[in-house]
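Subject: Handover of a structure, with notes

Dear colleague,

Please find below the structure that I am handing over to you. My notes on what was found in it follow directly after.

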Amino acid sequence: GPARGFFIINLASGFAIAVLLTMWLRTWGIASWIPLAMVALVAAAWHGPVRYIYYNPGYVDPPFIALLLVGLLLIHSIAHTWSAGKIVLLALLSTAGGLVRETMVLVPVCFLLVNEPVTAFVMGQRRSRPVPAWALLLPPVACVCAIALTHRMVAVDVTERSSMVQAAYQWLHKAPDSYAMGWLATFGPVLAIVAFDWRRALRFLADHEWLAAFFVGCAAVAFLGGSDTERFA
């Protein structure tokens, strides 16, 4: 039935996520056994895209995360050298991700900062070949159109608090300490390493403004997404 179809799609997406996450980590020079260990930890998380499908085979996070990782890999490539083909591909990925889950909009939104505008404003250093305005706007516009299409075509059962507005409203009942606990439950002692070397972490985000925007977006969604702090984080 439909549940088995969703399970097969999510299982295939889980394998794709393992490969894509390894590629993502290696893109940043993280090699040796560390990518494999990170993939194993992601697979072991109860709320992750590998294990959670056995509790809820019909949820849509696994294909969304796979598309998200492909989008981030593509933005990393565009940040070095952009082309019209890459822009169109990112717009298509953003459209596909938007049809799966609204949160995909974080990818094309963070892409808006691929030209490092803050650095250009503060330091007066512009990219030698910046991505033009039309190329910056195409992916987010495509993603928003896909989301609007799904909301127009799909009937939402609001009795299950599945509306975005109602989900965001739940943040009024989330205490800051429970929000912090959600991040600790997700990443555990790894956060201590980041906190210990916080200057390097901030310098890394400052050097990659689009990635900093993605992190801020994820942190905001984890807070506004009701009780699902761990899943969004």
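I begin with one threonine. Thr150 is part of helix α7, which covers residues 133–153. With a relative accessible area of 18%, Thr150 falls under the 20% limit and is therefore classed as buried. Once neighbours within four places in sequence are set aside, Thr150 is in contact with Gly98 and Leu99. Please bear in mind throughout that this is a predicted model.

Overall architecture

The protein chain contains 13 helices and zero strands. Its radius of gyration is 18 Å, close to the 17 Å that the globule rule gives for 233 residues, so the chain is as compact as a globular protein of that length. Along the principal axes, the C-alpha atoms occupy a box of roughly 55 × 45 × 40 Å.

Of the 233 residues in the protein chain, 34% are buried. Among contacts with a separation of 6 or more, 71% are between residues 24 or more positions apart. The accessible surface of the chain amounts to about 13700 Å², and carbon and sulfur atoms contribute 72% of that surface. As to charge, the chain has 15 positive and 11 negative charges, and the mean positions of these two sets lie 9 Å apart.

Two further threonines

Thr103 is located in the loop between α4 (84–100) and α5 (106–111). The relative accessibility of Thr103 is 16%, so this residue counts as buried. Leaving out residues up to four places away in sequence, Thr103 touches Phe64, Val221 and Phe232.

Thr119 belongs to helix α6, residues 117–123. Its relative accessible area is 25%, and Thr119 is accordingly described as partly exposed. Beyond residues up to four places away in sequence, Thr119 touches Gly124, Gln125, Ala206 and Glu209. Thr119 and Leu90 are separated by 29 residues in sequence, and their C-alpha atoms are 24 Å apart in space.

Aromatic pairs

Searching the whole structure yields 13 aromatic pairs. One of them joins Tyr52 and Tyr55: the ring centres are 6.2 Å apart and the planes meet at 40°, which makes this pair tilted. Tyr52 is partly exposed, at a relative accessible area of 25%, while Tyr55 is exposed, at 56%.

Another pair is formed by Tyr179 and Trp183. Here the ring centres are 6.3 Å apart and the planes stand at 75°, so the pair is edge-to-face. Tyr179 and Trp183 are four residues apart in helix α9 (residues 176–187), and about one helical turn therefore separates them. Both Tyr179 and Trp183 are buried. Ring pairs also connect Tyr179 and Trp183 with Phe187, Phe215 and Phe223 in a cluster.

Backbone points to inspect

Which residues other than glycine have a positive phi? One is Ser32, with a phi of about 65°. Ser32 lies in the loop between α1 (2–27) and α2 (34–44), and its relative accessible area of 52% places Ser32 in the exposed class.

Another is Glu116, whose phi is near 55°. Glu116 sits in the loop between α5 and α6. At a relative accessible area of 15%, Glu116 is buried, whereas Ser32 is exposed.

Summary

To recapitulate, the predicted model is a chain of 13 helices and zero strands. Thr103 and Thr150 are buried, and Thr119 is partly exposed. The aromatic pairs include the tilted pair of Tyr52 and Tyr55 and the edge-to-face pair of Tyr179 and Trp183. Positive phi values are found at Ser32 and Glu116.

Yours sincerely

Technical notes:
Residues numbered from 1 in each chain as written. Predicted model: local features only at pLDDT ≥ 70, side-chain atom pairs only at ≥ 80, totals over all residues. Heavy atoms only, no water. Helix = DSSP H or I, 4+ residues; strand = E, 2+ residues; numbered from the N terminus. Rg over C-alpha atoms; globule rule 2.2 N^0.38 Å. Buried < 20%, exposed > 50% of the residue type's maximum accessible area, 1.4 Å probe, protein only. Contact = heavy atoms within 4.5 Å. Areas by Shrake-Rupley, 256 points an atom, 1.4 Å probe, with all protein chains shown as cover. Lys, Arg positive; Asp, Glu negative; His and termini not counted. Charge placed at Lys NZ, Arg CZ, Asp CG, Glu CD. Phe/Tyr/Trp six-rings, centres within 6.5 Å; stacked < 30°, edge-to-face > 60°.
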